[in-house]
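Student: I have a model open and want to learn to read it. Where do we begin?

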2 protein chains.
Amino acid sequence: MKVVKASIIGFGSIGQGVAKSLLMKKDYLKMEGIEIAVVAVTDSKGAVVDENGVDLDACLKRKAETGTVAGKSHLGMTGLDVIQKIPHDLVIEVTPTDIVTGGAGLLNMKAALQSKKHVVTSNKGPLTIQFKELQDLAKRNNVEFKYEATVGGAMPIINLMTDIMAGNDIKSVKGIFNGTCNYILTRMYEEKSGYSEILTEAVDLGIAETDPSYDVEGIDTACKVVILANSVFGMNKTIQDVERTGITHVTYEALEMSARSGKTIKLIGEVRKDGRLSVAPRLVPIGHPLSVSGTLNVAAIQTDLAGEITVTGKGAGSLETASSILSDILSIYRNDCVSKNVN
Amino acid sequence: MKVVKASIIGFGSIGQGVAKSLLMKKDYLKMEGIEIAVVAVTDSKGAVVDENGVDLDACLKRKAETGTVAGKSHLGMTGLDVIQKIPHDLVIEVTPTDIVTGGAGLLNMKAALQSKKHVVTSNKGPLTIQFKELQDLAKRNNVEFKYEATVGGAMPIINLMTDIMAGNDIKSVKGIFNGTCNYILTRMYEEKSGYSEILTEAVDLGIAETDPSYDVEGIDTACKVVILANSVFGMNKTIQDVERTGITHVTYEALEMSARSGKTIKLIGEVRKDGRLSVAPRLVPIGHPLSVSGTLNVAAIQTDLAGEITVTGKGAGSLETASSILSDILSIYRNDCVSKNVN
């Protein structure tokens, strides 16, 4: 049995999803020869630390009851403190995305990689700002840097392209990478309504934020386009390199006219091998795999051998995103030749 | 550099696709630290053998010009002869599918596994008849048995579920696993035509066989359902265990009526965790990821963490199927800890 000492840095919706999924999958992981001992969990107020493994059930309960996971003895202890002071192997970095400075996430990831800890993350911010630096840091320190959950939530896209589609030359990837925009466009057509009415509905349902600009202006989609460009195509792009138009000017009339010619309008993010990155509302034929409705995410991958491969999944959600994080963790320790041979 | 000695058993459309893709990907494979030396290629008339690696370009040319890959010195040499007599590491078994007896493919695969050769295949026959026996044989001989190409051609489905979705409990898989049926149903609606007219069109275009019963009666879909049940769910099923209805009784009127309520009709194969296997025409909401048109294949995977994940791709084609075979080959040698450490 390989015992992996891990920290969960950030204990919002995704961090809690990770904790729940680790509890759910304890037996499965054991069958795979892996035991994950979470030695620290942090949130914005502090930390809980136990070098033998914290009680994740108790963490979830304490968070629900008191608003923080922190025990009294570790109030004020930050993620960075945990990464630098507590010996462990794997940092699960799930703090909130900050695309301007990278936020605490960027400092956490750098500190983790520098101290030779694997990093698995759902945090897009640091990857849209300093992807190459982080990747290089991981290589130099001979640790893994995995980020399946940053694009498309549960939808497997990065590992699909790098592992499963291995051998294929990838010409482009395009898709719907923001469930809020897909929901708004789908509902506008269904309800014969304008953008503003449906936005109000989406905010009421918690699908859109009160300030929806990050989603509807295509900024979130652009972040994912940048991550795909850098990770799958080996580019070195930032969000400034993306030509970007959001969905705020799409009208019901445009959707209705498209439908009459068998098409629908979707906010499509695209990375082309020639280096062009774009986000814009585009016509998609109904019946094409990209024409999925509701809050779904989808990606169409153009390849030389396999042709077009499309994958669809839930772009958000606590357990859904945790699913991608778990898949990354497994990929580190299942393919770990050294531990396989030694243990 | 790891040099892999391989044979290509069967040199029809898929075997030739494998040869072409190995030529296209020579440099890529080298970058991955792998050199594939094809020491023998066989077809129904004979073989070509060279322990230092045959010239694949010359093989493709000879096949096109003379109808066989066999050189004069190896006329009459069979796949089984090659597997038993020529030392090599990997058998790429791409002979035609025989779902009644398993055909030469079954004998080839058994002989290959017994002589401790890895097997990568696109041949559904042996897997629908004796999956467990083949899997056990591979385990006992400590070699890999890989068959991504048997379901959905280029569409990644088996490795997606076993590797990328690892950690998820899979509740069911359902999908369109036969491009011919999808084409016929799509065109019936588009052309406001009956089943027979569109079948004639499909035969003319080479999309359907002159005897289309294997496709339209759902037998091919049932084979894929059996392979998914056995490989992903660890069942021990054969085609007799599948409740099966084909598409021959689907009418234009039914398609038209479905469309009025926002739905379409697709031939859906399904494996449920409770052991129920089925193939039948079923209603699918337009806009759902399963509602793809034309000759595409699609699979929707129901999981506990990720929710529903859908993948779409070309279900047939020479290079497309070769893409899945190449992905299997890479998965054997990229994750091969022994060769990684030794070489």
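Tutor: We go from the whole chain down to one pair of rings. Keep in mind that this is a predicted model.

Student: How many helices and strands are in chain A?

Tutor: Chain A has 14 helices and 12 strands.

Student: What does the radius of gyration of chain A agree with?

Tutor: Set it against a globule rule. For 343 residues, a compact globule would have a radius of gyration near 20 Å; chain A has 21 Å, so the two agree. The C-alpha trace of chain A spans about 60 × 45 × 35 Å along its principal axes.

Student: And burial? What share of the residues in chain A is buried?

Tutor: Buried means under 20% relative accessible area. In chain A, 59% of the 343 residues are buried. The accessible surface of chain A is about 13,600 Å², and carbon and sulfur atoms make up 49% of that surface.

Student: How do I read the contacts?

Tutor: Look at separation along the sequence. Among contacts in chain A with a separation of 6 or more, 69% join residues 24 or more positions apart.

Student: Where do the charges sit on average?

Tutor: Chain A carries 37 positive and 40 negative charges, and their mean positions are 3 Å apart.

Student: Now the rings. How many aromatic pairs are there over all chains?

Tutor: Ring centres must lie within 6.5 Å to pair. The count over all chains is 8 aromatic pairs. One of them is F131(B) with Y147(B), edge-to-face, at 5.4 Å centre to centre and 80 degrees between the planes. F131(B) is in helix α7 of chain B, while Y147(B) is in the loop between β6 and α8, 16 residues apart.

Student: Are F131(B) and Y147(B) buried or exposed?

Tutor: Both F131(B) and Y147(B) are buried. In chain A, ring pairs link F131(A), F145(A) and Y147(A) into a cluster.

Definitions and conventions:
Residues are numbered from 1 along each chain as its sequence is written. Chains are lettered from A and ligands numbered from 1 in the order in which they are written. This is a predicted model: local features need pLDDT of at least 70, side-chain atom pairs count only at pLDDT 80 or more; totals for chains, interfaces and linings use all residues. Side-chain values use heavy atoms; hydrogens and water are left out. Helices (H or I, at least four residues) and strands (E, at least two) are DSSP runs, numbered from the N terminus. The radius of gyration is taken over C-alpha atoms; the globule rule is 2.2 Å times the number of residues to the power 0.38. Buried means under 20% relative accessible area, exposed over 50%, partly exposed in between (1.4 Å probe, protein chains only). Contact means heavy atoms within 4.5 Å. Accessible areas come from the Shrake-Rupley method with a 1.4 Å probe; for residues, only the protein chains shown count as cover. Lys and Arg count as positive and Asp and Glu as negative; His and the chain ends are not counted. The place of a charge is taken as NZ of Lys, CZ of Arg, CG of Asp or CD of Glu. Rings of Phe, Tyr and Trp (its six-membered ring) pair if their centres lie within 6.5 Å; planes under 30 degrees apart count as stacked, over 60 as edge-to-face and the rest as tilted.
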